[in-house]
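Let's take a walk through this structure, one region at a time. Keep the 3D view open and turn it as you read.

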Amino acid sequence: MTAAGVDVVARGASVRGPRGPVFEGVDLDVPAGGLLAVHGPAGSGRTSLLLALAGRMRLSGGAARVGGHVLPAEGRRVRRLVAVARAGPAVALEGRLRVREVMAERCLTSPGVTERRIREAFGRLDIAPRGADLVEDLGPAGGLLLATALALAEQPGALVVDDVDAGLPHDAQPPVWQALDRVRNDGPTVLAGCLQPPPPAPGLTALSLPRRSRDRLPAEEAAVREDADT
C-alpha cells in the first residue's frame, strides 16, 4: 500500500542567506501525484528550494503549502509528510556501505519502514541491487534509484530527489525519469532537481532557476562591480 500524493503550491517563496538571496519570488503549482522538475545550474538555489518545500529549510519570504500544511508555520508537519531521497551534501547515501547495510539502517531509523517495503519499492522502480553491492559501485543511476526506493518505503505524500541527471550521459537519463514517473503515477508527488529539464510529459511541471550572478543585478550596480574588477 502506498500513500497518496499531495499538492504543492508556492507564492513568492524566497530564502535569503548571509550573502543575499538563495532563491526568490518562486511561484509554482504541482498537483497531487504530479512531477516537479526544478532545473538550473549549480548555484541557482534548486537544492535549497527543494529542501524548503520539504520543510527542511525555513522560508524567509512568501509562503508555500504542502498537502494542506502551510510553510513556514507548519514545518514539522510538512517534514513528516515529505521524504528526502537525495539532496546533497545534506542528504546522501554513504558510498562505502553495502546495499544490505543501508537497508538495515533505514529500517532502524525510519518508523514503519521494513525490508518488505523496501523490496516493494525496488519492484516499482524496476531495480534489483544485490545486498553485497557497495552503493558506490551501483553507478549514478543505480545509486539514485536506490536512494529513491529507500525514501519511497517511508510511504510519503511527497518525495524529494535532487541531482537526477548528475553524472548521467544523455542517453541514460530517460530510464531514470521514467522510473520517477512510475513512482508518482500511483504514489507520492515527486519533487526533483536537475541541471537540464526532462522531456515534456503529462503531469510534469518544469521550473527554471537562473544562476545568481551579476547579470541579475540592476544595471547601475553591475557597472560598479565591473569598475571594481578592473
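A quick word on vocabulary before anything else: helices here are DSSP runs of H or I with at least four residues, and they are numbered from the N terminus. With that in hand, look at helix H4, residues 115-125, where Arg119 and Glu115 sit four residues apart and are therefore separated by about one helical turn. Their side chains meet in a salt bridge, with 3.0 Å from N to O. How buried or exposed is Arg119? Arg119 is partly exposed, at a relative accessible area of 44%, and Glu115 is partly exposed too, with its own value at 44%.

Keep in mind that this is a predicted model. The mean pLDDT of the protein chain is 89, and 90% of its residues reach 70 or more. Residues 213-230 are a stretch to treat separately: the pLDDT there is below 50, and beyond near neighbours in sequence this stretch has eight contacts in the model.

Back to the charged pairs. The count of salt bridges comes to eleven. One of them joins the side chains of Glu74 and Arg77, at 3.4 Å from N to O. Glu74 is partly exposed, with a relative accessible area of 23%, and Arg77 is partly exposed with 48%. Next, find Arg130 and Asp133, whose side chains meet in a salt bridge at 3.1 Å, N to O. Which of these two partners is buried and which is exposed? Arg130 has 59% relative accessibility, so it counts as exposed, the cut-off being over 50%. Asp133 has 16%, so it counts as buried, the cut-off there being under 20%. Elsewhere, salt bridges that share partners tie Arg46, Asp162 and Asp163 into one network.

Arg46 leads us to helix H1, which spans residues 46-53. Why is H1 described as largely enclosed by the rest of the structure? Because eight of its eight residues are buried. They are Arg46, Thr47, Ser48, Leu49, Leu50, Leu51, Ala52 and Leu53, so the list takes in the arginine of that network as well as a run of leucines. After H1 comes Gly55, whose phi is positive, near 80 degrees.

From Thr47 in that helix, look across to Ala90. The two are 43 residues apart along the chain, yet their C-alpha atoms are separated by 9.8 Å. Ala90 has its place in the loop between strand S6 (82-86) and helix H3 (99-109). Unlike the buried Thr47, Ala90 is exposed, with a relative accessible area of 62%.

Now for the nonpolar interior. The largest nonpolar core has 36 residues, and those with the most contacts inside it are Val161, Val164 and Trp177. Strand S3 (35-39), S6, H3, H4, helix H5 (139-152), strand S7 (158-161), helix H6 (173-185) and strand S8 (189-194) each give two or more residues to this core. Which element makes the largest contribution? That is H5, with eight residues. To see how Val164 fits in, set aside residues up to four places away in sequence: Val164 then touches Arg86, Leu144, Val176, Trp177, Leu180, Ala192, Gly193 and Cys194. Apart from this core lies another one, of 31 residues, including Ala13, Leu36, Leu59 and Ala64.

Notes:
Residues are numbered from 1 along each chain as its sequence is written. Side-chain values use heavy atoms; hydrogens and water are left out. Buried means under 20% relative accessible area, exposed over 50%, partly exposed in between (1.4 Å probe, protein chains only). pLDDT is the predictor's confidence in each residue, from 0 to 100. Contact means heavy atoms within 4.5 Å. A salt bridge is a side-chain nitrogen of Lys or Arg within 4 Å of a carboxyl oxygen of Asp or Glu. A nonpolar core is a set of buried Ala, Val, Leu, Ile, Met, Phe, Trp, Tyr and Cys residues joined through side-chain atoms within 4.5 Å.
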